[in-house]
Structure formats: structure tokens, C-alpha cells
Amino acid sequence: IKGSVVSLKVERSMPVPTFQLLEMKLPKLKPINISMVLSALKENLWAVIDKNIHNQGIPKTEAAWFRKLMHDLSIELFAKSDSKPNPDMLRMLIDKLGLNWEAKLRKALINKLITREKASGSHLDKLIKGDLKGLVSRFLNLKDSQGFAFKKCVSKIENIQFLNHQGVDRERKIFLPVPMQFSDGLFTIGELLIHLPPKVTDEDRQGRPKIEKKPFRITFLLELSNLGPIRVELASKGDKIEGRFMLATQETKTFIENNLQPFISSLENRGFIILRMDCQVKKPEMIKKSLVNEIIQGQDGSISLVA
């Protein structure tokens, strides 16, 4: 594991150096406050801040930035993909959610786009406007802001960052909250879990028989007021896709089945071959369970379940 400290003893140096492993100390991982992530999802912290942004002591300019960012993140991003496939949608979602904030700042500093002389310049403002963590962190630095919701938001983003850091290293999984606003005024949060294929190592490339490629899988969870909880599981291997919709009622199953063909056609128009696409009725408690619980399996005591 990256960050581990290994103690070795040299047993012989010639003709080939041979070492004996004495000790391995695993890195101390920062505890992840899962209860905070689950709480933010349940209460929809994104919608709470969006609704009350003008009552938080934030200047009108910065408040307008936030409303624009939430519109881009929860409406415009998905509206564009309806008419024309957007291959950058996932990258843009991660970027706007604030999960790459530190990396963007580091890149700007290395390239000297942000210096002490122009710390409040246009490039920094541009980064902040398009990044949820950067913008809410700015709110925290305003003396008149009511900071509790903002502190909770930044902490929530940081916990998702830590969760994904460990999830990718150990389970090859990435979790993303997906804010979504609909034309009827509903503002809800979907959950996206990406299952990356196993990483191919140098050992895999050298001298081993060809390893069968594992499928790329995604799971999406969304609860709607009129349809209830919906869980979608898709797996792709090359140009072949199979999937299933898990639904809580027969009525919802019938509705999804009657409207499934446009979804299948959109995948086929992008060159995919649909092997299977099923709809199944399951108990609501099986469907509604947060996808966060699927990324924390086997995290070896690095999870804090107490807020």
C-alpha cells in the first residue's frame, strides 16, 4: 500500500542482492466520517444551501456564483447530454463537485497563474466559480457569513475525497453524489458508484498468459417522489452492455419497461450491443441502501461511524 514503511535486512549482496522482510508498517489513514456523508445525502445539503444562500450573509455576487454553479451542476450538465452525448460529463461532474479542488490549485500555482500579487485575480475567481469546494471555502472566509452549513459542506466533500482515495486504492471504486433538479421543482440527490476494472500490473504484462479483461461497472441510485427508489446496474465489456433496473413496485416496473426502449436505442446509437436489460421488483430496503455502504467494505477500521 502506498505510504507503507518497509524494514529490510540484507542477507547477501552477491551475485544477486537478497533481502529479508523484517517489518511492514501500514500508513495511518485518516478516519472517514461516513455518518456525515450519509447525513448530507439524506438531508440533501446541496439543496439546503441552494435554497438559503441569500440568508447566509453572502454578498450578492458570490451568491449568484453559487446559484449558477448549482444550475450548471444539477440541470445544465444533464440537459446537454439529452440532445447530444457528452463524453466529458463525468469529468465535469467530478470537477464541479469540488473533488479535484486541491489539484486545480496546485496546477495553477505550479504554472504561476496564481501569485501573491494577483491572488484575487481573474484566474483564481474562475477556478472558484466552477468548483463547489473552492466556492464554499471562500464563503467560510467571509466575516459576515453564517458558517455552519458551509463548514458541513466542506467537511462532507473532504470525507468523500478520502473515501474515494481509499476506495480506488483498495476496491477500485469511486463514489459520486449527483445533484439533480427537475422541471417540477424537485431537487434530489442521486448516487453513482463506479467499479473500475482491476489495475494491470507490470507482472501481468510480463510472461503471464493474457488476462481476461474484467467489465467496467456502474451503479446508480435515485429516489423520485412518484416512482420511489430506482437502482440501475450496468456492466460493459468492450462494446457489449448488460444491465438491470431494480424497482420497489410493480407499477414502477411497468412504467420503466414501457419507457426503456429510448434508453436502449441511445446506447445502440453510440455503438453498443445490448446483451440484456431487465427490470426486477425488489424490497424497498434492498434498493434504498446508500451506495456509500458498498465502497467501505473491507476498510480495516478506518471508518468513523460517529458524527
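Which backbone nitrogen does a side-chain oxygen of Asp 131 reach at the start of H7? The legends below take up that question and then visit several other spots in this predicted model.

**Figure 1. The start of helix H7, with Asp 131 beside it.** Here is the reply to the opening question: a side-chain oxygen of Asp 131 comes to within 3.0 Å of the backbone nitrogen of Lys 133. Helix H7 itself covers residues 132-140. Its buried residues are Leu 132, Lys 133, Gly 134, Leu 135, Val 136 and Phe 139. Lys 133 therefore appears twice in this view, once as the partner of Asp 131 through its backbone nitrogen and once among the residues of H7 that are buried. As you turn the helix on screen, a general point may help: an α-helix has 3.6 residues a turn, so residues three or four places apart point the same way.

**Figure 2. Helices H1 and H2 where they meet.** H1 takes in residues 34-43 and H2 takes in residues 45-52. In general, two packed helices are described by the angle between their axes and the distance between the axes. For H1 and H2, the axes come within 6 Å and cross at roughly 55°, and the pair is therefore oblique. From H1, the residues in the contact are Ala 40, Leu 41 and Glu 43, and from H2 they are Leu 45, Trp 46 and Val 48. Sorted by character, the residues of this contact are five nonpolar, no polar and one charged.

**Figure 3. Asn 44, in the loop between H1 and H2.** This close-up stays with the H1 and H2 pair and looks at the loop that holds Asn 44. The phi of Asn 44 is near 55°, a positive value in a residue other than glycine. Is Asn 44 buried or exposed? With a relative accessibility of 9%, Asn 44 counts as buried.

**Figure 4. Arg 172, in the loop between helix H8 and strand E4.** H8 runs over 148-171 and E4 over 173-181. Arg 172 has a phi near 60°, again a positive value in a residue other than glycine. Its relative accessible area is 22%, and Arg 172 is partly exposed.

**Figure 5. Strand E6 with its partners E5 and E7.** E6 covers residues 216-224 and pairs in the antiparallel sense with E5, residues 187-195, over five bridges. One pair to look for is Leu 193 with its bridge partner in E6, Thr 219. E6 also pairs in the antiparallel sense with E7, residues 228-237, and here there are nine bridges. Within this second pairing, Arg 217 stands opposite Ala 235 in E7. How many residues does the hairpin use to join E6 to E7? The hairpin does so through three residues.

**Figure 6. Met 277 and its surroundings in strand E9.** E9 spans residues 273-281 and includes Met 277. Met 277 has a relative accessible area of 14% and is buried. Leaving aside residues up to four places away in sequence, Met 277 touches Leu 234, Ile 241, Gly 243, Arg 244, Phe 245, Leu 260, Phe 263, Ile 264 and Leu 267. For a distance to check yourself, try Met 277 and Glu 257: they are 20 residues apart in sequence and 9.6 Å apart in space, C-alpha to C-alpha.

**Figure 7. The whole chain, as a setting for the close-ups.** The chain has 13 helices and ten strands. Of its 307 residues, 40% are buried. Among contacts with a separation of 6 or more, 61% are between residues 24 or more positions apart.

Notes
Residues are numbered from 1 along each chain as its sequence is written. This is a predicted model: local features need pLDDT of at least 70, side-chain atom pairs count only at pLDDT 80 or more; totals for chains, interfaces and linings use all residues. Side-chain values use heavy atoms; hydrogens and water are left out. Two strands pair if DSSP finds at least two bridges between them. Helices (H or I, at least four residues) and strands (E, at least two) are DSSP runs, numbered from the N terminus. Axes are lines fitted to C-alpha atoms, for helices over the stretch in contact, and angles run from 0 to 180 degrees between N-to-C directions. Angles under 35 degrees count as roughly parallel, over 145 as roughly antiparallel, 65 to 115 as roughly perpendicular and the rest as oblique. Contact means heavy atoms within 4.5 Å. Ala, Val, Leu, Ile, Met, Phe, Trp, Tyr, Cys and Pro count as nonpolar, Asp, Glu, Lys and Arg as charged, and the others, Gly among them, as polar. Buried means under 20% relative accessible area, exposed over 50%, partly exposed in between (1.4 Å probe, protein chains only). A polar contact is a pair of N or O atoms within 3.5 Å; within protein, one must be able to donate a hydrogen and the other to accept it, and residues adjacent in sequence count only if both atoms are side-chain atoms.
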